[in-house]
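Let's take a friendly walk through a protein model, one piece at a time. Keep the picture open while you read.

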Amino acid sequence: MKFTLGRNKKLKSKKATDLLFSDGSSMRKGPLRVVYFIKPQGGEHQIGVSVGKRFFKSAVDRNRIKRLMRESYRLHQELLPVSEALHLKAMFIYQSGKMPDYDYIESLTKKLLKELTKKVAS
């Protein structure tokens with residue numbers, strides 16, 4: 001498996017994001033929350049990352065956390081099986097005022113991806 005996070009794996013569409021937040025489900029592990037929507041058609045899974053301005057005023061800090069989340073997902077995306085029948089759209093949202101390190105983000109991401117795998121499988 002290629003460990004890339006290209007343009008086709010990023011959630012970019014406003015329409016898809018609106019659908020995600022209106023009809024999607026969510027789960028949480030610590031300060032990391034994932035809002036997801038499973039579509040009944042195949043294709044690449046798409047993700048987005050977000051950090052609220054409420055928690056980190058500085059854009060530098062927000063961008064660092066988003067980089068950590070993207071990197072963690074990129075390295076562990078093989079935990080989510082790609083199928084022709086289902087397509088996952090997800091938004092990872094960090095909701096805490098404390099600056100995390102990579103190991104913490106990675107452990108939370110792994111836990112959430114394992115939970116998402118169970119949801120996609122069922």
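Start with a single pair of residues: M27 has V34, in strand β2, as its bridge partner. This pairing belongs to a bigger pattern, since β1 and β2 (residues 32–39) run antiparallel to one another and are joined over five bridges. Bear in mind as you look that this is a predicted model.

Now widen your view to the sheet. It is open and has four strands, in the order β1-β2-β4-β3, with mixed pairing. Why do β1 (25–29) and β3 (46–51) each have one side without a neighbour in the sheet? They stand at the edges, and each has a single partner strand, so one side of each is left free of a neighbour. From one strand to the next, the twist averages 20°.

Helices come next. Helix α1 (residues 14–23) packs on the sheet, where it touches β1, β2 and β4 (87–94), and its direction makes about 80° with that of β4. Helix α2 (residues 59–76) lies across β2, β3 and β4, running at about 150° to β3.

Finally, look at the charged side chains. Side chains of opposite charge can pair when their charged atoms come close. How many salt bridges does the structure hold? There are three. In helix α1, D18 and K14 sit four residues apart, about one turn of the helix, and their side chains meet at 3.3 Å, N to O. D18 is partly exposed at 40% relative accessible area, while K14 counts as exposed at 60%. In helix α2, E71 and R74 are three residues apart and meet at 2.8 Å, N to O. E115 pairs with K118, with their closest N and O atoms 3.9 Å apart; both lie in helix α3 (residues 102–121).

Methods:
Residues numbered from 1 in each chain as written. Predicted model: local features only at pLDDT ≥ 70, side-chain atom pairs only at ≥ 80, totals over all residues. Heavy atoms only, no water. Pairing = 2+ DSSP bridges. Helix = DSSP H or I, 4+ residues; strand = E, 2+ residues; numbered from the N terminus. Axes fitted to C-alpha atoms, helices over the stretch in contact; angles between N-to-C directions. Contact = heavy atoms within 4.5 Å. Salt bridge = Lys/Arg side-chain N within 4 Å of Asp/Glu carboxyl O. Buried < 20%, exposed > 50% of the residue type's maximum accessible area, 1.4 Å probe, protein only.
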